[in-house]
Amino acid sequence: MTPRLIPVTPANLSPTAHELEASWDALTAEELRRRGSLKWTVEPGVIGAWVAEMDLGTAPAVTAVLEHAVRDSAFGYTSPVLNQALREATARYQREVHDWRVEAEDVLALPDVLSALRAIIARHTPEGSAVIVPTPAYMPFLRIPGELDRELIAVPARRTRVSADAAAGWALDLDAIEAAMAAGAGLLVLCHPWNPVGRVLTHEELDAVAALSTRYGVSVFSDEIHGPLVLDPTLAHTPYASRPGTDPDLTFTATAASKGWNIPGLKCAQLVVSGEARRSWESSALSRNLSNQGAGIGAMATIAAYDEGREWIEAVRRYVRATAGEVEQVLSAAGVGVTRPEGTYLAWLDLSGTAAAASPARFLLERARVAVNDGVTFGRGFESFARLNLAAPRPLALETASRIAQALA
Ligand SMILES: Cc1ncc(COP(=O)(O)O)c(C=O)c1O
């Protein structure tokens with residue numbers, strides 16, 4: 001029998017966007033510190049704007065399902081029944097929201113995205129082959145190949161249009177990616193949308209990557225954890241694997257509700273994989289067993305997010321987008337080059353030419369009492385950049401921006 005996973009509590013499930021925004025605006029730094037998140041507790045007494053966690057809570061439908069799980073003491077191991085419901089909800093979400101025809105049987109449960117990347121490098125790429133990572137890159141992408149005794153080939157982004165607010169100015173260097181593939185690399189790690197520059201890759205870019213992957217027989221790991229967070233209403237997230245030119249045998253896609261619905265601590269992600277890549281995955285015990293290592297309550301929360309949390313995340317996207325515009329105005333006026341994200345809730349700040357250029361995160365921590373991520377951790381060449389988390393109560397995000405502006409003045 002399939003257990004009832006979604007409790008029916010309609011009164012809790014639909015606050016208006018206005019009510020949500022008012023509740024987010026009202027959150028204080030003191031309250032966020034009290035909640036004890038990583039973002040707010042590592043550097044005491046400062047504004048936490050670094051690690052990719054949101055201050056905006058989660059969807060009421062997710063809270064409801066978790067309250068239900070608490071009442072049921074549903075804290076056991078995850079189960080095939082829960083995993084199956086997760087696979088179906090993921091396929092439904094991808095079909096209905098991203099227009100990607102995914103079969104539930106091609107969705108596999110994971111505890112998190114990075115465990116899949118580790119398994120793919122260790123078990124599903126040619127032994128000893130290098131890993132290509134476009135930079136600036138989410139920091140673990142730069143670390144994991146070396147941990148597995150693989151060479152990292154960092155491919156710095158091409159700057160196509162240097163303008164203050166143009167995420168579109170950061171592009172994949174397809175020539176350098178091709179050269180690395182031709183030289184025998186075994187995997188390309190795509191981050192789509194791209195943390196930290198907030199790019200939503202175009203169909204043309206995705207198709208060019210697919211053509212290179214096919215030509216050189218090199219697998220692609222497409223990390224689409226930020227897919228639900230496309231902020232620009234004129235853009236849409238197109239899953240890499242949904243493009244007609246991609247070869248299923250060479251394609252691994254990772255998704256999760258963990259960024260969009262702010263539940264990374266609940267340990268649940270998904271791998272979408274078919275064809276030869278799926279057979280290869282199933283043939284490895286290390287990879288296969290990852291499906292048993294997620295949290296049951298993470299699966300419940302993810303199902304609620306995908307099925308019932310779509311209006312909530314729409315309100316989040318609108319709120320963060322408006323915040324990003326206001327933060328950009330303040331920072332641009334202070335001489336910071338702001339890459340406003342097309343997707344993700346992360347702004348990429350160019351502090352070159354400012355007093356913070358030599359050591360942005362330390363400068364902003366000491367002088368502005370704001371914790372951001374240092375550019376150098378995203379790859380060589382980004383020493384004068386910093387990543388700023390915009391998923392904050394808007395008054396706090398604006399206080400962050402004005403503290404930075406004052407510190408640079
Ligand atoms: C692009 C990207 N991938 C993966 C992760 C981590 O995902 P997980 O906790 O599922 O490994 C993050 C977290 O910020 C991220 O930004």
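A residue counts as buried when its relative accessible area is under 20%, and in this predicted model that definition is the place to begin, because Cys 268, with a relative accessible area of 9%, falls under the limit and is therefore buried. Cys 191 is likewise counted as buried, its relative accessibility being 9%.

These two cysteines raise the matter of bonding. A disulfide is a covalent bond between the sulfur atoms of two cysteines. Here a pair of cysteine sulfur atoms would have to lie within 2.5 Å to be counted, and the sulfur of Cys 191 is 19 Å from the closest cysteine sulfur, that of Cys 268, which is too far for a bond. Seen from the other side, Cys 268 takes part in no disulfide, since the nearest cysteine sulfur belongs to Cys 191 and is 19 Å away. The count of disulfides by this rule comes to 0.

Cys 191 also leads to the ligand, for this residue is among those that surround the ligand, together with others including Ala 52, Tyr 138, Asp 223, His 226 and Lys 259. The shell around the ligand is made up of 6 nonpolar, 2 polar and 3 charged residues, and the space that the ligand takes is the largest pocket.

Within this shell, some contacts can be followed atom by atom. An oxygen atom of the ligand lies 2.8 Å from a backbone N or O atom of Val 113, and a polar backbone atom of Leu 114 is 3.0 Å from an oxygen atom of the ligand. From Asn 195 it is the side chain that takes part, with an N or O atom 2.9 Å from a ligand oxygen atom. Taken alone, the ligand exposes 400 Å², and the protein buries 91% of that area.

Definitions and conventions. Residues are numbered from 1 along each chain as its sequence is written. This is a predicted model: local features need pLDDT of at least 70, side-chain atom pairs count only at pLDDT 80 or more; totals for chains, interfaces and linings use all residues. Side-chain values use heavy atoms; hydrogens and water are left out. A residue is near a molecule or strand if one of its heavy atoms lies within 4 Å of it. A polar contact is a pair of N or O atoms within 3.5 Å; within protein, one must be able to donate a hydrogen and the other to accept it, and residues adjacent in sequence count only if both atoms are side-chain atoms. Accessible areas come from the Shrake-Rupley method with a 1.4 Å probe; for residues, only the protein chains shown count as cover. On a 1 Å grid over the protein atoms alone, a cavity is a set of points where a 1.4 Å probe fits but cannot get out, and a pocket is an open set with protein on both sides within 12 Å along at least five of seven lines; lining residues have an atom within 4 Å of a point. A molecule sits in a cavity or pocket if more than half of its atoms lie within 2 Å of its grid points. Ala, Val, Leu, Ile, Met, Phe, Trp, Tyr, Cys and Pro count as nonpolar, Asp, Glu, Lys and Arg as charged, and the others, Gly among them, as polar. Buried means under 20% relative accessible area, exposed over 50%, partly exposed in between (1.4 Å probe, protein chains only).
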